[in-house]
Amino acid sequence: MSDQRFIIEMGMGNDQYGQDYTKAAARAIEDAIRHSSIPMFDALGLDHADMRVQVTVGVQDPEKVDCEALMQKLPRGTATVQAVFGGQNVTNPDSGNVLVIATAAVEAFLPKQA
């Protein structure tokens, strides 16, 4: 049975001092999730376990993101997390400090209803 996307939320997060790509990504995911409220589960008697959650995180160095750790933080559904090239690094010209900015798209899918 195929599934159907019923929500997509976007978020942004950053790490200002540690150049921690996973921390910036986690904040972007949390930002996206905070914008969501899905009352249809209670209204229709659906089980959150039936939901598939697909997260795509954009950062300048995707290999520095711990996708497994991020996946464990997602509160519902069966989740996958993928890091791709995106986001932005901004260097402070005075200190050389690099600000890591991550973006996230959190998509939720349910089995297609007949």
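Let's start with Thr56, which sits in strand β2. The model you have open is a predicted one, and this briefing walks from β2 to its partner strands, then to Glu107 and helix α1.

**Thr56 in strand β2**
- Thr56 has a relative accessible area of 23%, so it counts as partly exposed, a class that begins at 20%.
- Beyond its neighbours within four places in sequence, Thr56 is in contact with Gln82, Val84, Thr103, Ala104 and Ala105.
- Thr56 and Val106 are 50 residues apart along the chain, yet 6.7 Å separates their C-alpha atoms.

**The strands that pair with β2**
- Strand β3, residues 78-85, pairs with β2 in the parallel sense, and eight bridges join them.
- Within β3, Ala83 is the residue that stands opposite Val57.
- Together, β2, α3 and β3 form a β-α-β unit, and that unit is right-handed.
- β5 also pairs with β2, here in the antiparallel sense over seven bridges.
- If you would like a landmark for that pairing, look for Val53, whose bridge partner in β5 is Ala108.
- As background for viewing strands, side chains in a regular strand alternate between the two faces of the sheet.

**Glu107 in strand β5**
- Glu107 belongs to strand β5.
- Its relative accessibility is 10%, and Glu107 is therefore buried, since the cut-off is under 20%.
- A polar contact of 2.7 Å links the side chain of Glu107 to the side chain of Arg5.
- Leaving out residues up to four places away in sequence, Glu107 touches Arg5, Ile7, Ile8, Arg52, Val53 and Gln54.

**Helix α1**
- Helix α1 covers residues 21-34, which makes 14 residues.
- At 1.5 Å a residue, α1 should span 20 Å, and this agrees with the model because the C-alpha atoms at its ends are 20 Å apart.
- At the N-terminal end of α1, Asp20 acts as the cap, with a side-chain oxygen 3.0 Å from the backbone nitrogen of Thr22.
- The buried residues in α1 are Tyr21, Thr22, Ala24, Ala25, Ala26, Ala28, Ile29, Asp31 and Ala32.
- The elements that cover these buried residues include β1 (3-15), β2 (52-59), α3 (67-73), β4 (88-91) and β5 (98-111).

**Back to β2**
- To tie the tour together, β2 pairs with β3, pairs with β5, and is among the elements covering the buried residues of α1.

How values were computed:
Residues numbered from 1 in each chain as written. Predicted model: local features only at pLDDT ≥ 70, side-chain atom pairs only at ≥ 80, totals over all residues. Heavy atoms only, no water. Helix = DSSP H or I, 4+ residues; strand = E, 2+ residues; numbered from the N terminus. Expected span 1.5 Å × (residues − 1). Buried < 20%, exposed > 50% of the residue type's maximum accessible area, 1.4 Å probe, protein only. Contact = heavy atoms within 4.5 Å. Polar contact = N/O pair within 3.5 Å; in protein donor to acceptor, adjacent residues only side chain to side chain. Pairing = 2+ DSSP bridges. Right-handed = clockwise from strand over helix to strand, strands pointing away.
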